[in-house]
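Q: Please take a close look at how the helices pack together and at the nonpolar core.

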Amino acid sequence: MMSLSEIRAYLTRLRPYLIASVVFFGVGFAIALMIVNRFPQMAESFETSLASFVKNFRGLPKFGLFAAIFINNTLKTLLAILLGTVFAVLPTFFLIVNGMALGVVMSLSTQSRGLWQSLLSVLPHGVIELSAVFLGTASGIMLGVSVLGKLFRKRPMKFTAELSQSFKFFYNVIVPLLFVAALVEAYVTAELATR
């Protein structure tokens, strides 16, 4: 378990990488808006591939939907942390692609269903889920930057200790957030989105 003071200290170290995570996601979102406006056919094919992924979750009972969302998001966030050690490339790519996905979905959904209904289908769980994802990718980017610093600047780095801290933070902070987000998505957002 991580103490509250350890969590605060880790969050302080994480802050610049958290800002970077939000920026990368925003870049992906902005790219998506440009694609929707300038290349509508590309946006439609992107939406089709997203729809085929979402089909995997359709028809599941609420608990099954919750479990599927929680497992999917937890594994992806854990991978973003682990593979962040490879020079922070994967979490950066993950953020841009997910920003693009949300941008395309929100833009096309707003055009067909209106802004309010589109926000209802994302906001209730999205705020919690994105917070968890940003924390996870920030942790992965911080690990990657630490590895780069050790390789090129010969900075001292206790890799095992850094990775251990990342895992502790993941289990103590990120997993609970993803758990709550999955519950809200399965039991609240799903209801609001169908009204």
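A: What follows covers one helix pair, then the cores. This is a predicted model, in which local features need pLDDT of at least 70, side-chain atom pairs count only at pLDDT 80 or more, and totals for chains, interfaces and linings use all residues. Residues are numbered from 1 along each chain as its sequence is written, and side-chain values use heavy atoms, with hydrogens and water left out.

Helices here are DSSP runs (H or I, at least four residues), numbered from the N terminus. Helix α3 (residues 62–82) packs with helix α6 (residues 123–152) at an angle of about 25°, their axes being 7 Å apart. Therefore α3 is roughly parallel to α6, a term for angles under 35 degrees. The axes are lines fitted to C-alpha atoms over the stretch in contact, and angles run from 0 to 180 degrees between N-to-C directions.

Contact means heavy atoms within 4.5 Å. On the α3 side the contact residues are N73, T77, A80 and I81; among their partners in α6 are E129, V133 and L143. By class, this contact has 5 nonpolar, 6 polar and 1 charged residues. Ala, Val, Leu, Ile, Met, Phe, Trp, Tyr, Cys and Pro count as nonpolar, Asp, Glu, Lys and Arg as charged, and the others, Gly among them, as polar.

A nonpolar core is a set of buried Ala, Val, Leu, Ile, Met, Phe, Trp, Tyr and Cys residues joined through side-chain atoms within 4.5 Å, where buried means under 20% relative accessible area with a 1.4 Å probe, protein chains only. The largest such core has 25 residues, and F70 is one of those with the most contacts inside it. Two or more residues each come from α1 (4–38), α3, α6 and α7 (159–193); α7 gives the largest share, 9 residues. Leaving aside residues up to four places away in sequence, F70 touches V175, L178, F179 and A182.

Technical notes:
Angles under 35 degrees count as roughly parallel, over 145 as roughly antiparallel, 65 to 115 as roughly perpendicular and the rest as oblique. Buried means under 20% relative accessible area, exposed over 50%, partly exposed in between (1.4 Å probe, protein chains only).
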